Amino acid sequence: MTQTNVHQNIPRETLLDFFADFSTLSGDFLVWDDGYRTHHRTYAEVGRAARTFAAKLRAGGITKGQKIVFWSENRPEWIAALWGCLLEGVIAVPIDFRNSADFVKRVAGIVEARAILTGDSVPESAVESPWRFADFEWPLKELASVSQASRLRRQVGDLPHGVSDRLEG
């Protein structure tokens with residue numbers, strides 16, 4: 001059964017049809033508390049992060065039909081990485097973070113995983129050359145103009161080296 005997008009009357013037959021719609025919305029999509037503060041990511045931010053992860057997959061030579069293991073605790077980056085995999089046709093193979101490194105390596109070998117994406121609960125030495133969720137980059141919200149970046153700089157004062165370039169670029 002095909003659902004229809006009530007906003008644009010466009011049929012949605014796949015998850016990618018939903019992605020095309022939701023990735024342009026501005027409302028909150030992810031809300032989580034890390035124990036210190038509440039964080040929010042909009043639909044558009046998750047969409048940009050998913051596209052960024054999809055580009056990382058392409059840069060890593062991981063293509064349609066290939067697999068990547070997700071070995072991690074629950075975290076917001078997991079969702080954006082999953083969408084990035086869907087965008088590229090890459091198959092995500094989720095494994096509970098409580099499983100042993102030997103089990104993960106066995107599964108990765110069976111499915112011929114091209115990479116293992118790990119969370120903070122997984123020791124860095126558990127697998128060779130892991131991709132880390134902690135290194136996941138949430139793209140900065142797009143600033144409408146350089147003048148917005150300049151106004152922001154005046155409000156927050158001097159920014160650390162490289163940050164102002166990221167705001168303006």
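**Exercise 1. Surroundings of F133**

Find which residues are in contact with F133, leaving aside its neighbours within four places in sequence.

*Solution.*
Step 1. With contact taken as heavy atoms within 4.5 Å, the residues that touch F133 are F70, S72, R75, E77, W78, A81, L117, T118 and G119. The model is predicted, so local features need pLDDT of at least 70 and side-chain atom pairs count only at pLDDT 80 or more, while totals for chains, interfaces and linings use all residues. Residues are numbered from 1 along each chain as its sequence is written, and side-chain values use heavy atoms, with hydrogens and water left out.

Step 2. Place the residue: F133 is in the loop between β8 and α5. Helices (H or I, at least four residues) and strands (E, at least two) are DSSP runs, numbered from the N terminus.

Step 3. Check accessibility. F133 has 1% relative accessibility and therefore counts as buried; buried means under 20% relative accessible area, exposed over 50% and partly exposed in between (1.4 Å probe, protein chains only).

Step 4. Take one C-alpha separation: F133 and W71 are 62 residues apart along the chain, and their C-alpha atoms are 9.6 Å apart.

**Exercise 2. Aromatic pairs**

Work out how many aromatic pairs the structure holds, and describe the one formed by F53 and W131.

*Solution.*
Step 1. The count is four. Rings of Phe, Tyr and Trp (its six-membered ring) pair if their centres lie within 6.5 Å; planes under 30 degrees apart are stacked, over 60 edge-to-face, the rest tilted.

Step 2. For F53 and W131 the centres are 6.1 Å apart and the planes make an angle of 80 degrees, an edge-to-face pair.

Step 3. F53 belongs to helix α2 (residues 43-59) and W131 to strand β8 (residues 131-132), so this pair ties together parts that are 78 residues apart in sequence. Both F53 and W131 are buried.

Step 4. Turn to F70 and F133. Their rings are also an edge-to-face pair, with 5.9 Å centre to centre and 85 degrees between the planes. F70 is in strand β5 (residues 67-72) and F133 in the loop between β8 and α5 (146-156), 63 residues apart, so the pair links distant parts of the chain. Both of these residues, F70 and F133, are buried.

Step 5. Add W78: ring pairs join F70, W78 and F133 in a cluster.

Step 6. W131 has a charged partner as well. The charged end of K56 sits over the W131 ring, 4.7 Å from its centre; the test is that NZ of Lys or CZ of Arg is within 6 Å of the ring centre and within 35 degrees of the ring normal.

**Exercise 3. The open sheet**

State in which order the four strands of the open sheet stand and which strands are at its edges.

*Solution.*
Step 1. The order is β6-β5-β7-β8, with parallel pairing; two strands pair if DSSP finds at least two bridges between them.

Step 2. The edges are β6 (91-96) and β8; each has a single partner strand, so one side of each is left without a neighbour in the sheet.

Step 3. Between β5 and β6 there are six bridges in the parallel sense. F70 stands opposite P94 in β6.

Step 4. Helix α3 (residues 76-88) lies across β5, β6 and β7 (113-118), at about 175 degrees to β5. Axes are lines fitted to C-alpha atoms, for helices over the stretch in contact, with angles from 0 to 180 degrees between N-to-C directions.

**Exercise 4. Hairpin and positive phi values**

Describe how strands β3 and β4 are joined, then say where E112 and S129 lie.

*Solution.*
Step 1. β3 (residues 28-33) and β4 (residues 38-42) run antiparallel and share five bridges. Bridge partners in β4 are T38 for D33 and H40 for V31.

Step 2. The two strands, β3 and β4, make a hairpin with four residues between them, and in its turn G35 has a positive phi of about 100 degrees.

Step 3. Most residues other than glycine have a negative phi. E112 has a positive phi near 55 degrees and is located in the loop between α4 (101-111) and β7. Its relative accessible area is 64%, so E112 is exposed.

Step 4. S129, which is not a glycine, has a positive phi of about 50 degrees. S129 is in the loop between β7 and β8 and, at 62% relative accessibility, counts as exposed.
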